[in-house]
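Work through the exercises below with the sequence and the structure in view. Try each task before reading its solution.

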Amino acid sequence: MIRRMMMSLAVLAAAPLAFAQPVVVYGEKVWTGTSQGTLENGVVVVENGRITSVGAAPARVPAGALEVRAKWVTPGLISAFSRTGLSEVSGVDDANDGGAGKSAFSAALNAADGFNPDATSIAVTRLEGFTRLAVAPEAASKLFGGQGFLADTTGLTGSVFEERAFTYVVLGETGASLAGGSRTAAWASLRGAFDDVRFFAARYMSHNDGNVLTRMDAQALMQEVRGHQLILFQANRARHRNAIMDFQEENPSLKVAIVGADEGWRVARRLAALEIPVIVDAFSNLPASFSQLAATSENAQRLADAGVTVAIVHFENDSHQARLATQVAGNAVANGMPFDVAMKALTTAPAEIFGMEDLGVLAPGARADVVAWDGDPLEVTSAPVAVYIDGESQPMVSRQTKLRDRYRTLDESERPMAFKR
Amino acid sequence: MNFRLLCLAVVAGLFVAACDRPGKGGDEASTSSIANPFPSTYKPYPSKTLLITNATVIDGAGGLIEKGSVLIEDGKIKAVGTDLKAPSGAATIDAAGKWVTPGIIDNHSHLGAYPSPGVDAHGDGNEISGPVTAEVWVEHSVWPQDPGFTRALAGGITSLQILPGSANLFGGRGVTLKNVPARTVQGMKFPGAPYTLKMACGENPKRVYGYGGGNTPGGAPYSRMGNVAGYRDAWIKATEYKKDWDRFNAGGGSEPKRDLELETLAGVLNGEILVHMHCYRADEMAQIMDISKEFGYKVAAFHHAVESYKIADKLAEYGACSSMWADWWGFKMEAYDGIRENIPLVHNAGACAIVHSDSEVGIQRLNQEAAKAWADGKRIGIDIPIEVAWQWLSLNPAKSLGVDDKTGSLEPGKMADVVIWSGNPFSTYSQAEKVYVDGALMFDRNDPASQPVMDFELGQPGEGDRK
């Protein structure tokens, strides 16, 4: 791991991406996400977009470095599942590119095409310490939602750093409904689609449509079916996840992760044995549907206990509130999950699931996504005081903070509010 | 219902017979059953005299006591202080390191009306048959077996208001419940709580009716101006209705025909039914305040109120509460300007701030939502003591529901609706350990036998939260 990072550092040195001011971040506590654990009075040094050292203070201070002091320092958090940047206002169709119910296409839909780096939710999410996002399309026309992507939260052009990083497939009740009305139909669609891809040459020689997929959709799924690309299955019911695991055992080359997994604890050992990671919302503890009858606030912890890689997210209003994953993780801790595991669920676990190299940790050679906090990052009363992405200091301003500052006092005696900026 | 309230109701033309014979008052049970066809049958469960000592006590009225004690007797708060002695035979709990607060009151919930599991057959929260459905009462939709009630209890919720949805201009009557499992909704109804009326501003009514069912135009209201015309039109009818009954009650003419819809609206005009109004935008709230002045009623609380921070001064002057989320935003156009400092900015302007959930998930940790708002306020220089901020969770919602004389703070004589927290409830890591309703232990995190499980969950793969 370290060697790989050093190698990428060498590559970086050969072709530097940025010449940002060096930064030295001191933390009363520095959570590294590595075998270094949590350092008391630690320090992180950032140069040329990379972390160059992590250790006890005092550290070597590069010339001209900006020095920042904070209560806590962590790696930039990674949102493992959201629709951030796909919708400016969820309820306004014109401003929502999350799903396409009337599209003729499904698996071929490339969510990155709908990503808007100017979406106000990006800065709002970044202000809460999230520097990277895995963004999934919504499945609206078929159970294949399309291709998800990975992005940073700089809000700059080029912030998508990996398009078509995974394909999103919904099973459960939504998948059943999209497939025609039953879970049985969803599985028939899934198997049919895989056959369409496997027998692509024969099936699409003279037709544009396979049994399930159009030619374009089948082409888009090629990497996944060959096991070169991650398939993210949405499923909650234990039986469903058993079926996914059966499917993976029949197709051992597939790279699979499960999102939802409210009943995951019931099949935790098997998930661990097959090394299938899960992405869960640890708030989910209600029998909200017949797929979630065994939902429990201890799900995340029970999965982690069994050795499953767990990423924690917040599903509700996932185009705007991915940021609440810290609160969800904090509640997982309250329900028994060790703090370290909960932090990993926001950093190293999503990095591992999506293959984000050199992210999610504070380690020499890692990309310098660093967050300085005014308190324990999993406490709802804490907030970042500084955020760095690839070593670049990020503005701590959003449309929300501008509205706040405008209305901090309601004095209109001289001029209307509209002049306050 | 006491006699004064009963007579107020009579003025509205609801309960003529009872008021005509005031001498027969006094038997509260019988008068209230006449007054209300669906009377509360809630009775506090048996409780012991209990002294909780050594706790950090937030009294809910703005005070904090280190190493404090709370004495509960006969289901009521008997005393709060530092030097209380346990009466003979009393149980005691040494709550060193723990915090004690009044139970949380959520004044915006749809539990029971939109229960878990959220299947179509359970969708009983919106009577969308017309824009004005003041005639419906949400208690007739509440399924007391909703597992959500038990999850809320584990989050320290001791009372809650169930509201109809926000599809309509007038959505119907709300109901205030004690969060105690019961076989019937009557068994949960908060004794003596006034009724409430749900109204809604903005996008929902015009979307559901004007643009309803894909048949545009579906019918009024089609716009925000249509919304306002709809409110005013209904209030004009209610005013006429009230006049007819006033005239009749003063001894004139024949008895007017009862009208369920106008009975509720007239109840508002008589000041006995409290208006709870879903309203996001500042400009709309200002117009609603004007409408209420035109017709002589008062809005108890604006709900959601994501733009209250823009008119916090006007809300303070008018005297309406704002029932708010800590950080919800962006899910619809009228929620676009939501900011994290809404609650502290409203509080800071001297207006009444309330933390609400509108969610079966959010209701489980309203203390954390208050904590966020408290911390966000502090970051911009609005430094509110925790014990004052706690009023957003208990006393202010109690006021908005007209039950602050009975609960909402740990003041002697009030219902012993009390939560013992494992630590500071503004920490994510703290949890409600013991929850008392009227002095009776209704939830104990460390004792599975003291954790209610609803019928629906019995015999399922998960039986309660933590099987």
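**Exercise 1.** How many bridges join E4(A) to E13(A), and do they run parallel or antiparallel?

Solution. Start with the conventions. The model is predicted: local features need pLDDT of at least 70, side-chain atom pairs count only at pLDDT 80 or more, and totals for chains, interfaces and linings use all residues. Residues are numbered from 1 along each chain as its sequence is written, while chains are lettered from A and ligands numbered from 1 in the order in which they are written.

Next, the terms. Helices (H or I, at least four residues) and strands (E, at least two) are DSSP runs, numbered from the N terminus. Two strands pair if DSSP finds at least two bridges between them.

Now the count: E4(A) and E13(A) are joined by 4 bridges and run antiparallel. In E13(A), Ala372(A) is the residue opposite Val73(A).

Strand E4 (residues 66-75) of chain A also pairs with strand E1 (residues 23-31) of chain A, in the parallel sense, over 7 bridges. There, Val23(A) has Leu66(A) in E4(A) as its bridge partner.

**Exercise 2.** Find the order of the open sheet of 8 strands in chain A, and explain what sets its edges apart.

Solution. The order is E5-E6-E7-E8-E9-E10-E11-E12, and the pairing is mixed. Strand E5 (77-82) and strand E12 (310-312) of chain A are at the edges; each has a single partner strand, so one side of each lacks a neighbour in the sheet. On average, neighbouring strands of this sheet are turned by 25 degrees against each other, direction ignored. Axes here are lines fitted to C-alpha atoms, for helices over the stretch in contact, and angles run from 0 to 180 degrees between N-to-C directions.

At one edge, E5(A) runs parallel to strand E6 (residues 130-135) of chain A, joined by 4 bridges. Ser82(A) is placed opposite Val135(A) in E6(A).

Finally, look for a helix on the sheet. Helix H3 (residues 172-179) of chain A lies across strand E8 (160-170), strand E9 (230-235) and strand E10 (255-260) of chain A, at about 75 degrees to E8(A).

**Exercise 3.** Which domains does the assignment give for chain A, and how many residues of each are in contact?

Solution. Domain 1 covers 2-75 + 371-403 and domain 2 covers 77-357; such bounds come from an automatic or database domain assignment. The centres of the two domains, taken over C-alpha atoms, are separated by 29 Å. A contact requires that the C-beta atoms of two residues, placed from the backbone, lie within 7 Å. By this rule, 18 residues of domain 1 of chain A are in contact with 22 residues of domain 2 of chain A. On the domain 1 side, strand E13 (370-373), strand E14 (384-389) and helix H13 (399-406) of chain A give two or more residues. E14(A) gives the most, with 3 residues.

**Exercise 4.** At what angle do helix H5 (residues 203-210) and helix H6 (residues 224-249) of chain B pack?

Solution. Two packed helices are described by the angle between their axes and the distance between the axes. For this pair the angle is about 95 degrees, and the axes are 9 Å apart. H5(B) and H6(B) are therefore roughly perpendicular to each other (angles under 35 degrees count as roughly parallel, over 145 as roughly antiparallel, 65 to 115 as roughly perpendicular and the rest as oblique). Pro205(B), Lys206(B) and Gly210(B) in H5(B) meet Arg224(B), Gly226(B) and Asn227(B) in H6(B).
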